[in-house]
Amino acid sequence: MGYSFKKIEKKWQEIWEKRKIFRARFNPQKKKYYLLEMFPYPSGRIHMGHVRNYTIGDVVARYKILQGYNVLHPMGFDAFGQPAENAAIKNKISPSTWTMRCINWMRNELKRMGFSYDWEREISTCKSDYYKWNQWIFLKMFKKGLIYRKEAVVNWCADCQTTLANEEVIEGRCWRCKTEVIQKDLEQWFIRITAYKERLLKDLEKINYWPERVILMQKNWLGRSEGVEIYFKIKDLKETITVFTTRVDTIFGATYVVLAPEHPLVKKIIKGKTQEKEVLNFINKVSQKSKIVRTAKDVKKEGVFTGAFAINPVNNEAIPIWVADYVLMEYGTGAIMAVPAHDQRDFLFAKEHNLPMRIVIQNPDLSIQDPKELSEAYEGDGLQINSAEFNGLPNQQAKQKIADWMEQKGIGRRTVNWRIRDWLISRQRYWGTPIPIVYCDKCGVVPVSEKELPVKLPPRVRISGRGGSPLNHVKTFVQTKCPKCKGKARRETDTMATFFDSSWYFLRFCSPKHKTAPFNKKAVNYWMPVDQYIGGIEHAVLHLLYSRFFTKFLKDIRLLNFDEPFTRLLTQGMVLKDGEVMSKSRGNIVDPDSIIKNYGADTLRLYILFAAPPETEMEWSEQGIEGAFRFLNRVFRLLEIERGKNQPDLKLQRKLHRTIKEVTEDIESFKFNTAIARIMELVNQLYQVKDTDIYEAVRTTVILLSPFVPHLAEEMWQRLGNNKSILKTKWPKYDPSLLKEESITIVIQINGKVRSRIEVPSDITEDKLKELALNDLRIKSWIQDKPIKNIIVVPQKLINIVI
């Protein structure tokens, strides 16, 4: 009887589908559990990152089913986006055809892994029955004043006549035609997410089961900081530069001001000056850099002098105004006061450009007062110096005094600054949700009527990647009637960012076929919030933040009765090969298909789960796959062991019940690798017993294994004489009375080295254990007459005698 994994896996996948084992049903009488992994972009083939993410989720879903929960475990596809347009151009087919082909491939591959998805709830965001509700939500936000239009800077290729995402700008040039990319202002649509910033920050206190680093990342992105706005008048110009700082204690050390290249005052400041051309060239150069590069710590910062000066309001000094790449318009006011003696970034910039420095906070550990002696900026606390009437004050106390003084003088004011900015959702692309707005010469900007939704994408569109949004060239789409006056109007041709689609998909899963609203209120308020959400750390900021915002907005319009979407969050680690993340460009991809073909899905599942804890990176190992396969064959051969005459002894019973307890606890805490290790130990013990009826022990072992290797478990369960699916049984419970060993083995060490072992009662006292250890003959021979310095007892495990 061999382990014919191909036949077994095909057989059980067909049975699960035919019997609709994983169909989730609305049942308020039953305790629910909503398990969700972040849905994928349909690239066509699943990779090991998908396998790891979805296998982790599947273990929990199956475990919760066995615990009696009403489990919702859906899957769908985040199907809109730029890659499909690029693929359409490359393969000369429509984005729709390409996307649906990829979805079919991925669905089949996911089914081959045996994942417990309710496929009847599948959603694809590119279908009009989904994106209709994107448009409906957009209109609700528009009505509430949360959506508006304004100019914003985009990457623009003049040759292709289109916008480019940051990743499409390679070394300052268009990835397609190699034309130099410029920055261009375009009217674009924004969501006023900043209206919810206080709630988004405060409600993080309600979240108890997310990784601390994710909470911190959310806080940092929101970026609430208390400080002072300071007003620097521009010399010889009736303009003022407003700077925000959290370090008002260093204002007397400000020796220059830096503006972002995009700052609206830059062009006014340089007009007519000899530096004008140099500054404009610099702005153009910076426009070709991504914001990530501009702010990276390990990249040299560049800047130019504008020829203008600002007046430091606390001492009336004229200090130079620079434009530099490391200052962004999105942060603060787009202007900073530079204090090189007390800010490392300013220090490096000042050194590079030979700008002045002044020490205003004395380092208590150094007596340096000459800035030329500084090897780095001092950013710590100390006493104020060179700070006029505030000299001698501790700087933390001086912060308050200086802020009071500036407010009295009218040269600054206390304020709260936020890093978060409103959310730009416009995309000048075809493959996305059409924005439901029309433009009428008579009525202006007019929202589409809800009765007219969905505004559908035209199916036949020529996509070349040039000439702006492809929708601009489809007359039947653009030309329409105004919802108000019924006169001629034109449709908005921008589409929505795909983050909009993924900010509420978890709600649609609760009632994916609902036709009169985005979701059925009863269903969503039963299933939600998601009990366990699983996905990559790369989505820890934007996707989670936008999802939280959508949930709060939908609660505000009385569609939901909760305001946080995800109770628990797990961020799984990357899959590595040869120490590097698997990727096509590195040529280190391992195709899941080949593993499934040669070893089976259960082997791949087991290996992925056993190789490392879910939150950490895991290194791919061919030997690990071989080992997992050998173990599953060994488990399957348990069916060949003849039932002995004797009842299981106490030792086996204790091992079985301890394993039930430990595996249960390990699954609850996502320690799947240790859970599998404990089952391996149990299997080893089952092979060691002789002439014993191990039927019940094998039966329990199969249940414990079933969340990890469901196909093998179902087959073994059936061969053990069970007609129904293993998922119709219950997760085993342990007997507490069998957890205590009658006797245990204690290791005896001398100075940390093992010198003997003794069998003792499990409830032995510490004093009695010390007595027995010291009287052990081997230990006596090692100690002889040497004085004992200490005796360390690790309960139930060892005793270490220090001599």
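# A tour of hairpin, helix, sheet and cysteines

Start at the hairpin that connects strand 19 to strand 20 through 3 residues. This is a predicted model. Select residues 437-440 for strand 19 and residues 444-447 for strand 20. The two strands pair in the antiparallel sense, over 4 bridges. For one of these contacts, pick I437: its bridge partner in strand 20 is P447.

**Next stop: helix 12**

Select residues 395-409. Helix 12 has 15 residues. From first C-alpha to last it reaches 20 Å, close to the 21 Å expected at 1.5 Å a residue.

Which residues of helix 12 are buried? Colour N395, A398, K399, I402, A403, W405 and M406. Now look down the axis of helix 12. These buried residues fall within an arc of 165°, so they line one face of the helix.

Then show what covers the buried residues of helix 12. The cover includes strand 8 (225-234) and strand 14 (361-362). Strand 15 (383-384) and strand 16 (412-417) are also part of the cover.

Step just past the end of helix 12 to G410. Here phi is positive, at about 75°.

**On to an open sheet**

Select strands 29 to 32. In what order do the 4 strands of this open sheet lie? The order is 30-29-32-31, and the pairing is mixed. Strand 30 (753-761) and strand 31 (790-794) are the edge strands, each pairing on one side only. Neighbouring strands of the sheet are turned by 20° against each other on average, direction ignored.

Zoom in on strand 29 (residues 743-750) and strand 32 (residues 798-802). They run parallel and are joined by 4 bridges. Pick Q749 to find one partner: in strand 32, Q749 bridges to N800.

**Last stop: the cysteines**

How many disulfides does a search of the whole structure find? The search finds 0. Two cysteines are worth a click.

Select C102 and C126. Why is C102 not bonded to C126? The sulfur of C126 is the closest cysteine sulfur to that of C102, but at 11 Å it is too far for a bond. C102 counts as buried because its relative accessibility is 0%.

Now select C482 and C443. The sulfur of C443 is the nearest cysteine sulfur to C482, 3.8 Å away, and C482 is in no disulfide. The cut-off for a disulfide is sulfur atoms within 2.5 Å. C482 has 1% relative accessibility, so it counts as buried.

How values were computed: Residues numbered from 1 in each chain as written. Predicted model: local features only at pLDDT ≥ 70, side-chain atom pairs only at ≥ 80, totals over all residues. Heavy atoms only, no water. Buried < 20%, exposed > 50% of the residue type's maximum accessible area, 1.4 Å probe, protein only. Pairing = 2+ DSSP bridges. Axes fitted to C-alpha atoms, helices over the stretch in contact; angles between N-to-C directions. Expected span 1.5 Å × (residues − 1). Arc of directions from axis to C-beta. Contact = heavy atoms within 4.5 Å.
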